[in-house]
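Here is a briefing on one structure. It covers the pocket, the nonpolar cores and one aspartate.

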Amino acid sequence: MKPFSLLSGRMTSRALSIWIAFFISLVCVSLILATLWQIKQSANERLASARSAVLNIVRATEQQATDTVRQADNTLRNIAERIETDGLGTAQLERLAQLMKHNVVEVEGLQGLFVYDAQGNWIANSFSQIQVGLNNSDRDYFIWHRDNSSAAVHIGSIVVSRTTGELIVPISRRLNHPDGRFAGVALATVPVAYFQAFFQRMAVDEQGVIFLALVNGDLLARRPTIEKIMTTNLAKGEIFSKYLPVADQGTAIVTSVVDGVERLYAYQRIPGLPLVTAAGLSMQSVYASWWEYVWRSFALTGVMILVLGLLGGLIWRQVQQLMVAEKRLGKAHRELELLARTDGLTGVANRRAFDIALQREWAQAEHRGLGVILLDIDWFKQYNDRYGHLDGDQCLRRMAALLSDQLDADHGLVARYGGEEFVILLPGSDLTQAAAAAERIRAAVAEAQWVHAGSPLGVVSISAGVASTSGLAAGSAMALLQRADGLLYKAKQQGRNRICQG
């Protein structure tokens with residue numbers, strides 16, 4: 001196969017149509033795949049951007065929570081040291097109350113400071129008056145310190161302040177006697193509203209969320225806030241049950257157990273504190289602008305595919321029209337070529353076609369032989385005179401048809417040589433074979449019994465001269481033809497209705 005034959009060769013109409021359809025389809029599929037790849041990349045970029053944003057929110061929340069708890073704890077340490085140093089006399093308690101009031105003003109986020117004795121009685125606070133008769137021994141943080149000797153800071157679940165009625169997060173430390181016995185509790189309270197006010201400054205969407213919780217899942221603060229925040233526990237949520245046991249920080253797409261919204265969360269267990277902070281952006285907001293990009297991309301791709309389809313259809317239609325025009329032109333060309341090689345009256349080859357065929361076969365005659373039969377209709381002038389030229393033309397047509405039928409088995413060429421003369425070219429025939437073919441033709445004409453009142457025989461007959469390269473010394477096609485012509489003349493001289501060969 002020659003190189004590039006597939007590209008350089010002519011295609012059929014069907015093949016070209018298939019290739020056009022394949023090319024247009026390939027371009028359309030490529031556009032769709034490219035669009036899908038860009039959409040996927042855009043989705044990945046949008047998710048990465050959202051993940052970075054929510055991680056920044058969590059870091060800011062973690063820092064705020066850590067700073068608030070550390071400042072409250074440092075204040076509680078100072079109070080505990082002062083109590084251990086100065087004791088709890090009346091004068092000392094008054095000074096302690098003034099210090100606590102000053103600390104609440106100075107330390108951001110503190111709502112109040114309190115000191116309770118070993119029985120839970122109020123002995124000092126940061127408010128203007130000591131409320132006599134109040135007891136906090138029932139609070140979870142008090143019970144925890146009473147039953148645990150740990151000196152670590154303790155962060156409790158949300159409670160309602162008995163001083164202001166606000167929701168607060170209790171941050172407390174154990175107070176000990178010199179011998180290590182339980183002496184009471186120092187408490188700092190941080191309003192839940194303080195954390196939620198900070199959360200409001202963070203950039204999350206309307207369905208986004210930020211929360212601060214204890215490691216056991218108890219919710220401390222949340223944006224947006226919920227009515228049952230005191231009794232809400234997130235331990236069964238995926239962040240606490242699935243992700244935190246594996247890693248202290250990370251991101252995950254989670255459906256909230258609180259409101260059922262699917263969000264991209266970032267979470268962080270705060271180092272050194274029993275706190276977890278998390279922030280989530282709703283997946284709807286994460287992909288809001290991405291969906292706009294998707295619809296624009298598909299709309300643009302759809303328009304391009306439509307245009308390509310229309311152009312492809314137009315090209316296909318033009319190609320089909322060109323193919324039809326080419327077929328018609330080819331048919332017309334073949335018809336003209338056939339007319340140029342065909343005798344208009346009889347439908348057999350004309351003299352020009354015969355001359356071309358003679359030269360072609362002569363070039364091969366040396367290897368396979370070549371026979372020529374030159375014949376004419378006897379007394380044809382008398383036929384025309386008696387029956388007229390129209391009948392004479394009909395006689396010529398019948399003769400041409402008979403000759404063609406007789407030569408089907410011999411694969412010869414029948415041509416009208418001129419007037420009532422016909423010539424037959426027999427490639428691959430020697431003189432004997434050519435003469436036998438001529439005799440069959442003569443007999444067939446005689447058997448046809450076409451009436452010819454102007455002939456002594458009463459019917460149409462033929463005379464023929466037969467020549468072959470096997471019996472010819474001359475070395476040209478013209479000499480072969482002239483030999484057949486001489487033999488035809490001899491047949492006429494001998495009385496017609498006969499064959500002469502030589």
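**Largest pocket**

The largest pocket holds about 250 Å³ of space. A pocket is an open set of points on a 1 Å grid over the protein atoms alone, where a 1.4 Å probe fits, with protein on both sides within 12 Å along at least five of seven lines. Volume is the space filled by probe spheres set on the points. The model is predicted: local features need pLDDT of at least 70, side-chain atom pairs count only at pLDDT 80 or more, and totals for chains, interfaces and linings use all residues. Residues are numbered from 1 along each chain as its sequence is written, and side-chain values use heavy atoms, without hydrogens and water.

- Of 19 lining residues (an atom within 4 Å of a point), His154, Ile155, Gly156, Ser157 and Leu214 are closest to the centre of the largest pocket.
- α4 (140-147) and β3 (154-155) each give two or more residues to this lining.
- α4 gives the most, three residues.
- The lining divides into ten nonpolar, four polar and five charged residues.

**Nonpolar cores**

- The largest nonpolar core (buried residues joined through side-chain atoms within 4.5 Å) has 74 residues.
- Val115, Phe195, Phe211, Ile239 and Leu275 have the most contacts inside this core.
- Helix α2 (residues 13-86) supplies its largest share, 14 residues.
- Another core, of 30 residues, lies apart and includes Leu403, Leu426, Val460 and Ala464.

**Aspartate 73**

- Aspartate 73 is in helix α2.
- It counts as buried (under 20% relative accessible area) because its relative accessibility is 4%.
- Aspartate 73 touches Val153 and Arg173 (heavy atoms within 4.5 Å), not counting residues up to four places away in sequence.

Technical notes: Helices (H or I, at least four residues) and strands (E, at least two) are DSSP runs, numbered from the N terminus. Ala, Val, Leu, Ile, Met, Phe, Trp, Tyr, Cys and Pro count as nonpolar, Asp, Glu, Lys and Arg as charged, and the others, Gly among them, as polar. Buried means under 20% relative accessible area, exposed over 50%, partly exposed in between (1.4 Å probe, protein chains only).
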